[in-house]
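Me: Hi! I'm new to reading protein structures, and I'd like to go through this one with you, question by question.

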Amino acid sequence: MFLFFVLSLCTLSAHALDNGLALTPPMGWLHWERFRCETDCRQFPFDCISENLFKAMADKMASDGYLDAGYEYVIMDDCWLAMDRDSEGRLQADPDRFPSGIKALADYVHAKGLKFGIYEDYGTKTCAGYPGSLDHLEIDAKTFAEWGVDYLKMDGCNVTPDEAMEAGHLEMARYLNETGREIVFSCEFPLYRGDKVINSIMKFDKKLIVFQANYSVAIEACNLWRNYNDIEDSWVSVTNIVNHYKKNQDKYVAVAGPGHWNDPDMLIIGNFGLSLDQSKAQMTIWAIWAAPLIMSVDLRTIKPEFKEILLNKHAIKINQDPLGIQGHLQTTINDVDVWLKPISPNVGGEFSYAVGFVSNRDDGYPYRIEFTLRDFGLNNTAGYVLTDAFVSDETTVVKNTDKLEVFVNPSGAVLWHLVANEA
Ligand code: GLA
């Protein structure tokens, strides 16, 4: 089966967006989940969407170990724009909240060794009602390049999600490439054309399927794409996303690979809604999925124990594995999901693996499960060097036939990094 994955990845990457970027899942920070569309800087100077917020986050990313760990993009989401384009039809930032302009902000971010990302919408307006890019794609691509933008998130509000929307994203990808600047292209059209729409229509008529996202276009146009609802600050929201990915696992695993990733949305670790165990669970699943690791948290006030999860070097290494294979749900044992991601090095034809145990249970004690690695299809007879990612850097060698056990906390996770041993 894994040979099939690898072969299909090779075929898909032949048609992938030809910008050579995001060969491993992008890592960074995006304001939306945590900071939303607060534009009142008089009342909320600390939290409003302004150049000060992004400078403060850039400072923290550079000084507090995030950049060193691989988080490199500082990305603005919706609500940075002025309500009108300038006299030459170019986008402009809100002058009160971004008095120095976007170019100066991008320069500031770059001076810290980071990269700068921006948000626009493919429709007439952004989801929050600011000017959209429809009929302005080329000039917007040029403007972003002139400003020094390294990453564009393109939303899909306020436009009919028909096939023309897909063609429009191919066009935008071309304009971005033509600028000559390296700009990661993050899309949302699969969400708008895909399963969300189908689900809401299916409530009324199970047979009526109106829109269906074309993932070949997503691969050709985009470096990453959203395919499900916005994440919110709760375990329920994380669980809804995970369930959606489980249901669509075969389709999603097949389309992910270097340069083109499924984006289950931001990491909400360190905010208000997830416990420490649930935060480990989100980090585990996102690592296994080869999902973009885009934090949305206040880096000025995050508690150290949550920061530690975001900076966990084993989880990041698994996520950033160069093979870029999206992991999958292998089995579920007494309501504990066992996720597998084949990773490098491949030793004599046997992959190394990340194994994530994620509990859907909410009863009392840490739940014990017993297994052998062979039960999960791990066949390296010389065994594996095991690191328990959230516990320590210590390693032990395990055979694939050893009887092993883990204890998984309610709505928590255990993440194992298993490097195939040489025979
Ligand atoms: C949509 C997107 C979110 C965010 C908001 C901004 O809901 O899916 O990620 O960008 O718009 O308005």
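Me: How far is an oxygen atom of the ligand from an N or O atom in the side chain of D77?
Reply: Good place to start, and please keep in mind that this is a predicted model, in which local features need pLDDT of at least 70, side-chain atom pairs count only at pLDDT 80 or more, and totals for chains, interfaces and linings use all residues. Residues are numbered from 1 along each chain as its sequence is written, and side-chain values use heavy atoms, with hydrogens and water left out. D77 is one of the residues around the ligand, where a residue counts as near a molecule or strand if one of its heavy atoms lies within 4 Å of it. The distance from the ligand oxygen to the N or O atom of the D77 side chain is 2.6 Å.

Me: And how far is an oxygen atom of the ligand from the side chain of E188?
Reply: E188 is also among the residues around the ligand, as is D230. For D230, a polar side-chain atom lies 2.6 Å from a ligand oxygen. For an N or O atom in the side chain of E188, the distance is 2.9 Å.

Me: Which residues are joined with D77 into one network of salt bridges?
Reply: A salt bridge is a side-chain nitrogen of Lys or Arg within 4 Å of a carboxyl oxygen of Asp or Glu. The whole structure holds 25 of them. Some share partners, and in this way D77 is linked into one network with K153, E188, R226, D230 and D265.

Me: How many residues apart in sequence are the parts that R85 and D140 tie together?
Reply: The side chains of these two residues form a salt bridge, with N and O 2.8 Å apart. R85 sits in the loop between β2 (73-75) and α5 (101-111), while D140 belongs to helix α6 (residues 137-147), so their pair ties together parts that are separated in sequence by 55 residues. Helices (H or I, at least four residues) and strands (E, at least two) are DSSP runs, numbered from the N terminus.

Me: Is D140 buried or exposed?
Reply: Buried means under 20% relative accessible area, exposed means over 50%, and partly exposed is in between (1.4 Å probe, protein chains only). Its partner R85 has 17%, so R85 counts as buried. The relative accessible area of D140 is 0%, so D140 is buried.

Me: In which helix do K103 and D107 both lie?
Reply: These two meet through their side chains in a salt bridge of 3.1 Å, N to O. K103 is partly exposed at 39%, and D107 is partly exposed at 37%. They are four residues apart, about one turn of the helix, and that helix is α5.

Me: With which residue's side chain does the side chain of T372 make a polar contact?
Reply: T372 is in the loop between β12 (367-371) and β13 (384-388), and its relative accessible area of 9% makes it buried. A polar contact is a pair of N or O atoms within 3.5 Å; within protein, one must be able to donate a hydrogen and the other to accept it, and residues adjacent in sequence count only if both atoms are side-chain atoms. At 2.9 Å, the side-chain partner of T372 is D375.

Me: Which are the edge strands of the open sheet of six strands?
Reply: Two strands pair if DSSP finds at least two bridges between them. The order is β9-β10-β11-β16-β13-β14, with antiparallel pairing. Each edge strand pairs on one side only, and these strands are β9 (328-333) and β14 (395-398).

Me: What is the bridge partner of A354 in β16?
Reply: Strands β11 (residues 350-359) and β16 (residues 413-420) are paired in the antiparallel sense, over six bridges. Within β16, A354 has as its bridge partner H417.

Me: Which peptide bond is cis, with omega near 0 degrees?
Reply: To find this bond, go to strand β10 (residues 336-347), where P345 is found. The cis peptide bond runs from S344 to P345.

Me: What is the phi of R36, which is not a glycine?
Reply: R36 is in the loop between α2 (32-35) and α3 (51-63). With a relative accessible area of 29%, R36 is partly exposed. Its phi is positive, at about 50 degrees.
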